[in-house]
Amino acid sequence: MKFILILFLKALGQIKYDSGQNTDFYSASQPSFACKNSYQLSKTINFNGAFQNIPQVFIQQSLSDIEPGNVEFRLSITSVTLTNFIVQIQCPSSKRIYSLQFRWFAIDDQRVQVISAFNIDNPTMSKTYQHLNANAENGIIFLTSISIIGPIDFVLSLSSITKTSVTVDISNPSGKFVNLKQIGYQIVLGTSEIFNMLGIQTVTTTSYTSQNFNLQTNKWILTPIVGFQFDNNQYLQFRWTYTYTASTVSCKVDSWDKLVKHTHLTALMSYVINTLYQPLQTQTIRISQKIDLEALNRPTVYAELPQTNEVFNQIGTFTTIIDKSISPVLINVIIKCSFAKKIKSQFNKCNNCSFQKFYLYSHNCNNQINQISYFSRYLPTNSAHQELTIIISDKRIQINQITYNQVAAVNNILDIEQLNI
């Protein structure tokens, strides 16, 4: 049966991205959906094919119809597989959620990172999260859940994106933050080419229609609501519709009763990403062999990155990020050369070569040599931050570079080891 399933999944064809609309949480078409008083429901949403790797999934609410009053709903993605994902809704309060529809998006690419912060109780006005890809420089945020006990007035924003972290701020312009008891959101980060931010709009009228945006190949249009300004004595209602022509797309948000005042973003997001991030390639290597009396007092392996004033001379694994403004990247390694030993070394020469990818060297140690120094210069293939992992053992140093493309890869760019002759 397992073999038949594998053949079936292959027959479906592997996909790298997918999207759709979900209407399962809708009382008009699902009479049993009575979401209040701790009601809970989970739904499995199938992809239009099978992914090669577990994709990253995020959702954007596209329709809401919720009773006035102190209301709460909790929404989360509880499982993602190669062929589907599960969304769960919970409605703890006595106020009914009549409908909560959403668009969903899935992508199998490590140049995109989704950070899910579902159902945060007692939120703070600022929270920082760590992320993986140093070259994730842009992002967007999606509101997924909320609990209120009175009037609210807030906007979610990504206030800072660094090489290692992203910070979410929740504004409090009118001092009503105390009425926000729970909130959930997803952060979607990407490299520089992924997002085209089209603007932020605060809507106080009964409806809003955007301008016509030019259609662009292989891009999703995203319109997440990121903030509300309303008293809780009205229905929380909105619905999104999108109008496409041969060359344009426009967005409309309205309501069948009274549109809630809100703030939303508009952006285009690429789901086919062209930039290929590759590891550093060696430009030049200078090798020095000599007797150095101070070598006796040094550890077997001593490495430095002179442009960032970093030294690595202890056994262990270390991570550093070289800023994209630094080029070429200089890496110096000094290794002890004991009698009757030899030093073998390799340096990444060519990313796209089918063979001879490394410069290879071997040096024998003798009474005239107790130290070998390697002064290497590396050139980046992209204007990008370079994430390096330095692994030092008793008689060896390896430097690997982590690259994020469709998959994250560990690439060796330097390996120097003391061996027996």
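In this predicted model, the stretch from residue 42 to residue 107 is 70% strand and 0% helix, and its end C-alpha atoms sit 22 Å apart. That span is what UniProt lists, in an unreviewed entry, as "domain: H-type lectin".

Further along the chain comes an open sheet built from 6 strands, with antiparallel pairing and the order 26-31-32-33-28-29. The edges belong to strand 26 (316-322) and strand 29 (358-364); each has just a single partner strand, so one side of each goes without a neighbour in the sheet. On average, and ignoring direction, neighbouring strands here are turned by 15° against each other.

Within this sheet, strands 32 and 33 sit next to each other in the order. Strand 32 covers residues 396-404 and strand 33 covers residues 408-420; the two run antiparallel and are joined by 9 bridges. One facing pair puts N400 opposite N412, the latter in strand 33. As a general matter, strands of a sheet pair up through backbone hydrogen bonds, in either a parallel or an antiparallel fashion.

N412 turns up again in the lining of the largest pocket, which has a volume of about 190 Å³. Also lining this pocket are L276, Y277, Q278 and P279, along with N348, N351, K357 and F358, and then T403, N405 and N411. Sorted by class, the lining comes to 7 polar, 4 nonpolar and 1 charged residues. Some of these residues tie the pocket back to the sheet: T403 lines the pocket and falls within strand 32, residues 396-404, while F358 is another lining residue and belongs to edge strand 29 (358-364).

Definitions and conventions. Residues are numbered from 1 along each chain as its sequence is written. This is a predicted model: local features need pLDDT of at least 70, side-chain atom pairs count only at pLDDT 80 or more; totals for chains, interfaces and linings use all residues. Side-chain values use heavy atoms; hydrogens and water are left out. UniProt positions are given in the numbering used here, feature names are shortened, and annotations may be inferred rather than shown by experiment. Helices (H or I, at least four residues) and strands (E, at least two) are DSSP runs, numbered from the N terminus. On a 1 Å grid over the protein atoms alone, a cavity is a set of points where a 1.4 Å probe fits but cannot get out, and a pocket is an open set with protein on both sides within 12 Å along at least five of seven lines; lining residues have an atom within 4 Å of a point. Grid points are joined across faces, edges and corners, and a volume is the space filled by probe spheres set on the points. Ala, Val, Leu, Ile, Met, Phe, Trp, Tyr, Cys and Pro count as nonpolar, Asp, Glu, Lys and Arg as charged, and the others, Gly among them, as polar. Two strands pair if DSSP finds at least two bridges between them. Axes are lines fitted to C-alpha atoms, for helices over the stretch in contact, and angles run from 0 to 180 degrees between N-to-C directions.
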